[in-house]
Amino acid sequence: MSEDNKQARILEGRVVSSKMDKTVTVLVERQVQHRLLKKIIRRSTRLHAQDDLGAHEGDTVRIAECRPLSRTKHHRVVEIVTCVKA
């Protein structure tokens with residue numbers, strides 16, 4: 001009997017927009033090596049996440065993958081790592 005122990009991928013990023021109701025836009029940056037030049041370059045992705053914790057712009061948050069919540073939301077805010085005082 002094999003069990004499906006699928007772990008949700010957890011990413012960390014910065015909230016760049018919190019204007020929507022219960023949704024935040026999180027900028028996730030990663031570093032990759034250029035295939036030809038071998039130089040480390042930064043790539044970024046903007047993801048929409050369900051926010052039940054009340055994160056604001058500038059906060060660093062951890063988000064986890066989940067089932068599709070809407071057309072663009074496939075992540076949830078799990079934890080607010082650092083909070084920016086406004």
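Me: Two strands pair if DSSP finds at least two bridges between them; strands (E, at least two residues) are DSSP runs, numbered from the N terminus. This is a predicted model, where local features need pLDDT of at least 70, side-chain atom pairs pLDDT 80 or more, and totals for chains, interfaces and linings use all residues. Residues are numbered from 1 along each chain, and side-chain values use heavy atoms, without hydrogens or water. Which residue in S3 stands opposite Val26?

Reply: Strand S2 covers residues 23–33 and strand S3 residues 40–50. The two pair in the antiparallel sense over 11 bridges. In S3, the residue opposite Val26 is Leu47.

Me: Which residue in the turn of the S2 and S3 hairpin has a positive phi?

Reply: The hairpin formed by S2 and S3 leaves 6 residues between the strands. One residue in that turn has a positive phi of about 60°, namely Lys38.

Me: In which sense do S3 and S5 run, parallel or antiparallel?

Reply: S5 spans residues 73–82, and 3 bridges join S3 to this strand. His48 stands opposite Lys73 in S5, and Ala49 opposite His75. S3 and S5 run parallel.

Me: Is Gln50 buried or exposed?

Reply: Gln50 is found in strand S3. Beyond its neighbours within four places in sequence, Gln50 is in contact (heavy atoms within 4.5 Å) with residues including Lys22, Leu69 and Val77. Its relative accessible area is 14%; the cut-off for the term is under 20% (1.4 Å probe, protein chains only), so Gln50 is buried.

Me: Which residue in S5 stands opposite Val61?

Reply: Strand S4 covers residues 60–65, and 6 bridges join S4 to S5 in an antiparallel run. Opposite Val61 in S5 stands Ile80.

Technical notes
Helix = DSSP H or I, 4+ residues; strand = E, 2+ residues; numbered from the N terminus. Buried < 20%, exposed > 50% of the residue type's maximum accessible area, 1.4 Å probe, protein only.
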